[in-house]
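Please examine the protein–ligand model shown here and consider how the ligand is held.

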Amino acid sequence: MRALLTTGTPPAWAVAEIAAPVVGAGQVLVEVASAGLNRADLLMREGAYVPSSADWNVALDRVGFEMAGRVRAVGDHVTGFAPGQYVMAQTGGACAELVAVDHRLLLPVPGFLDLVVAAGLPSALLTEYDALTGVARFRPGDRVLITGGTSGVGHIGVQLARALGARTVFATTRSMAKAGLLRELGATRVINTDSEDIARALGPDAFDVCLDHVGGPVLAGLLGAAAPRARIVQIGRLAGTHAHLDLEMLASRRLQLIGTTFRGREADELHVLTARLGEALPRLLRTCDVRPVVDSVLDFSEAERAGRLLDRPGLTGKVILRIA
Ligand SMILES: NC(=O)c1ccc[n+]([C@@H]2O[C@H](COP(=O)([O-])OP(=O)(O)OC[C@H]3O[C@@H](n4cnc5c(N)ncnc54)[C@H](OP(=O)(O)O)[C@@H]3O)[C@@H](O)[C@H]2O)c1
């Protein structure tokens, strides 16, 4: 089968012929239709990210964290999936013609959802659903701040907050050209972090929950807008891995700053999260219309160009590779 691999020095992506996976007990063999690319793919290519969670079951030179496709075969002890069914998953080496996935990590793709669109959902949905409903203990009526609202995960975070009943959804960007889209997705107020200070723009006691995809000085600057006992979930570090925090503010407002990642997650934890998301999924996709914003769709053979698109300043949403 054809699969995307990282090869050479400096490291680059190339499609190569490799052995097709054999479906094991408890696994489902999926013919991949499309795969979503993520910033983590770029970081992994640079050697700055090494996945280690139970959903990465292939060699480290493989590329891709998420895909959507059609079930070709099911292994022993698999329940709930049958050949021909459309599915999506966060799974290692997703940029390939075939992947073998633990059936407890699969999510069904409803008939009304295009597989190109579905391929951009699993990683962002799992990340944001876990961060919001699990880590941050979100409750309907909470006021939510999404930093890096225009990132692939941020778009989903904004929509989830709205869908789950947030009273207010604040979102940040560095480009006001993207503000209209954020409002369409459900943001009630957009802040430009290049020209505005979050705490000054929102004032104190503005949010109960923050999903922070930006880190660096943006994280330091948002503490002043947190309500007492607010939960801030540190998800991404687009603006840097270091922040100079006002610990007096953190302590006096009794804020909780909690980091999260999929690295190191055990199979059981991923199965429980996938099952929890699976229960919520029909309402989120059908009633609430939660969708990834698709920036561009490229052919499998154009993977290197896809990587350059992913790294460009004007990026707005997901870059998807069409595999079949
Ligand atoms: N912890 C986890 O489990 C997990 C899971 C998935 C993703 N992540 C992390 O979440 C972040 C977003 O991932 P993604 O794949 O969704 O990214 P992405 O779509 O590539 O995000 C691109 C957007 O991020 C914003 N951005 C880029 N550099 C920035 C900077 N220096 N400061 C502020 N904003 C910046 C830009 O929006 P504007 O031009 O509008 O500012 C850009 O369009 C990454 O850090 C990723 O590693 C973490």
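The questions below concern the ligand, its surroundings and the domains of this predicted model.

Q: Into which domains is the protein chain divided, and how far apart do their C-alpha centres lie?
A: The chain is split into domain 1 (2–120 + 293–322) and domain 2 (124–259). Ten residues of domain 1 are in contact with nine residues of domain 2. The C-alpha centres of the two domains are separated by 28 Å.

Q: From which domains does the shell around the ligand draw at least three residues each?
A: The shell consists of 20 residues, with Arg39, Thr150, Gly152, Thr173 and Arg174 the closest. By class, this shell holds seven nonpolar, nine polar and four charged residues. At least three residues come from each of domain 1 (2–120 + 293–322) and domain 2 (124–259).

Q: What distance separates an oxygen atom of the ligand from an N or O atom in the side chain of threonine 150?
A: A polar contact requires a pair of N or O atoms within 3.5 Å. The side chain of arginine 39 places an N or O atom 2.7 Å from a ligand oxygen, and a polar side-chain atom of lysine 178 lies 2.9 Å from an oxygen atom of the ligand. For threonine 150, the corresponding distance is 2.4 Å.

Q: What percentage of the ligand's accessible area does the protein cover?
A: The ligand occupies the space of the largest pocket. Polar side-chain atoms that approach ligand oxygens include one of lysine 178, at 2.9 Å. On its own, the ligand has 930 Å² of accessible area, and the share covered by the protein is 86%.

Definitions and conventions
Residues numbered from 1 in each chain as written. Predicted model: local features only at pLDDT ≥ 70, side-chain atom pairs only at ≥ 80, totals over all residues. Heavy atoms only, no water. Near = heavy atom within 4 Å. Polar contact = N/O pair within 3.5 Å; in protein donor to acceptor, adjacent residues only side chain to side chain. Areas by Shrake-Rupley, 256 points an atom, 1.4 Å probe, with all protein chains shown as cover. 1 Å grid on protein atoms, 1.4 Å probe; cavity = no way out; pocket = protein on both sides within 12 Å on 5 of 7 lines; lining within 4 Å. Sits in = over half its atoms within 2 Å of the grid points. Nonpolar A, V, L, I, M, F, W, Y, C, P; charged D, E, K, R; others polar. Domains from an automatic or database assignment. Contact = heavy atoms within 4.5 Å.
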